[in-house]
Amino acid sequence: MATYPIIPNHARNLQCGNFSAMVNVGKLEVPKEVWNAAQKFSIHNAAELVSYAYTFPTVLADELGWSADDFEAARAQLTQQLKGFVPDSVLRPPQPTRRAYGALPPQPGNARQS
């Protein structure tokens, strides 16, 4: 499968909640703002953009000045748009493992007296 490098297209306008991306001749064309964010975070191709969008959504949302809801809408649209161009394993990543950290709840009768 091709990598679809990200390139800026100055004619494309960024819309809140929409990456305004377009696959064109083996490349992913995006507005300048998305390309700048991609460069800042070392994102080079379509698969990396989707992966980063799932892994660090608030980082990209903040960089683009979007709310979390706007970013989720944009990510869903981009994921749909890239079907057939990017592997499904990237477009539909597994849910993260639920982990618990910290101390266990105190057992009755084991509380320290101060």
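Start by selecting Val34, which sits in helix 1. The model on your screen is a predicted one, so take the tour in that spirit.

**Stop 1: Val34 and its surroundings**

With Val34 highlighted, ask yourself: is Val34 buried or exposed? Val34 is buried, with 3% relative accessible area, since the cut-off for buried is under 20%. Now show its neighbours. Leaving aside residues up to four places away in sequence, Val34 is in touch with Leu14, Phe19 and Leu64. For a sense of scale, draw a distance to Pro57: the C-alpha atoms of Val34 and Pro57 lie 13 Å apart, with their positions 23 residues apart in sequence.

**Stop 2: helix 1 against helix 3**

Next, select residues 32-40 for helix 1 and residues 57-64 for helix 3. Their axes are 10 Å apart and meet at an angle of about 135 degrees, which means helix 1 is oblique to helix 3. The crossing of these two helices is right-handed. Show side chains for the contact: helix 1 brings Glu33, Val34, Ala37 and Lys40, while helix 3 brings Leu60, Glu63 and Leu64. Colour this contact of helix 1 with helix 3 by class and you will find four nonpolar residues, three charged and no polar.

**Stop 3: the two sides of helix 3**

Stay on helix 3 and turn the view along its axis. Which residues of helix 3 are buried? They are Leu60, Ala61 and Leu64. Because these residues cover an arc of only 100 degrees around the axis, they lie on the same side of helix 3. A reminder of helix geometry helps here: an α-helix has 3.6 residues a turn, so residues three or four places apart point the same way. The buried residues of helix 3 pack against helix 1, helix 2 and helix 4. Rotate to the face turned away from that buried side, and you meet the exposed residues Thr58 and Asp62. Just after helix 3, pick out Gly65, which has a positive phi of about 75 degrees.

**Stop 4: helix 2 and what covers it**

Move to helix 2, residues 46-55, and select Ala46, Leu49, Val50, Tyr52 and Ala53, which are buried. Their arc around the axis is only 165 degrees, so they share the same side of helix 2. Now bring back the rest of the chain. The elements covering these buried residues include strand 1 (6-8), strand 3 (27-30), helix 3, helix 4 (68-81) and helix 5 (88-91).

**Stop 5: helix 2 with helix 3**

Keep helix 2 and helix 3 on display. The axes of helix 2 and helix 3 are 5 Å apart, at an angle of about 105 degrees. The two helices are therefore roughly perpendicular to each other. At the contact, select Leu49, Tyr52, Ala53, Tyr54 and Thr55 from helix 2, which meet Pro57, Val59 and Leu60 of helix 3. This contact of helix 2 with helix 3 holds seven nonpolar residues, one polar and no charged.

**Stop 6: helix 2 with helix 4**

Swap helix 3 for helix 4. Helix 2 and helix 4 pack at about 145 degrees, with 11 Å between their axes, and the crossing is left-handed. Look here for Leu49, Val50, Ala53 and Tyr54 on helix 2, facing Phe71, Arg75, Leu78 and Thr79 on helix 4. By class, the contact of helix 2 with helix 4 comes to six nonpolar residues, one polar and one charged.

**Stop 7: the loop between strand 1 and strand 2**

Finally, go to the loop between strand 1 and strand 2, where you can select Cys16. Cys16 is exposed, at 52% relative accessible area. What does Cys16 touch beyond residues up to four places away in sequence? The partners are Trp66 and Asp70. Cys16 and Trp66 are 50 residues apart in sequence, but their C-alpha atoms are 6.4 Å apart in space.

Ser20 is also found in the loop between strand 1 and strand 2 (22-24). Ser20 is buried, with a relative accessible area of 7%. Check its backbone too: Ser20 has a positive phi of about 55 degrees although it is not a glycine.

**Last stop: Tyr4**

Tyr4 lies in the segment before strand 1. Tyr4 is not a glycine either, yet its phi is positive, at about 50 degrees. With 13% relative accessibility, Tyr4 counts as buried.

Methods. Residues are numbered from 1 along each chain as its sequence is written. This is a predicted model: local features need pLDDT of at least 70, side-chain atom pairs count only at pLDDT 80 or more; totals for chains, interfaces and linings use all residues. Side-chain values use heavy atoms; hydrogens and water are left out. Axes are lines fitted to C-alpha atoms, for helices over the stretch in contact, and angles run from 0 to 180 degrees between N-to-C directions. Helices (H or I, at least four residues) and strands (E, at least two) are DSSP runs, numbered from the N terminus. Angles under 35 degrees count as roughly parallel, over 145 as roughly antiparallel, 65 to 115 as roughly perpendicular and the rest as oblique. A crossing is left-handed if the near helix is turned anticlockwise from the far one by less than a right angle, and right-handed if clockwise. Contact means heavy atoms within 4.5 Å. Ala, Val, Leu, Ile, Met, Phe, Trp, Tyr, Cys and Pro count as nonpolar, Asp, Glu, Lys and Arg as charged, and the others, Gly among them, as polar. Buried means under 20% relative accessible area, exposed over 50%, partly exposed in between (1.4 Å probe, protein chains only). The arc is that of the directions from the helix axis to the C-beta atoms.
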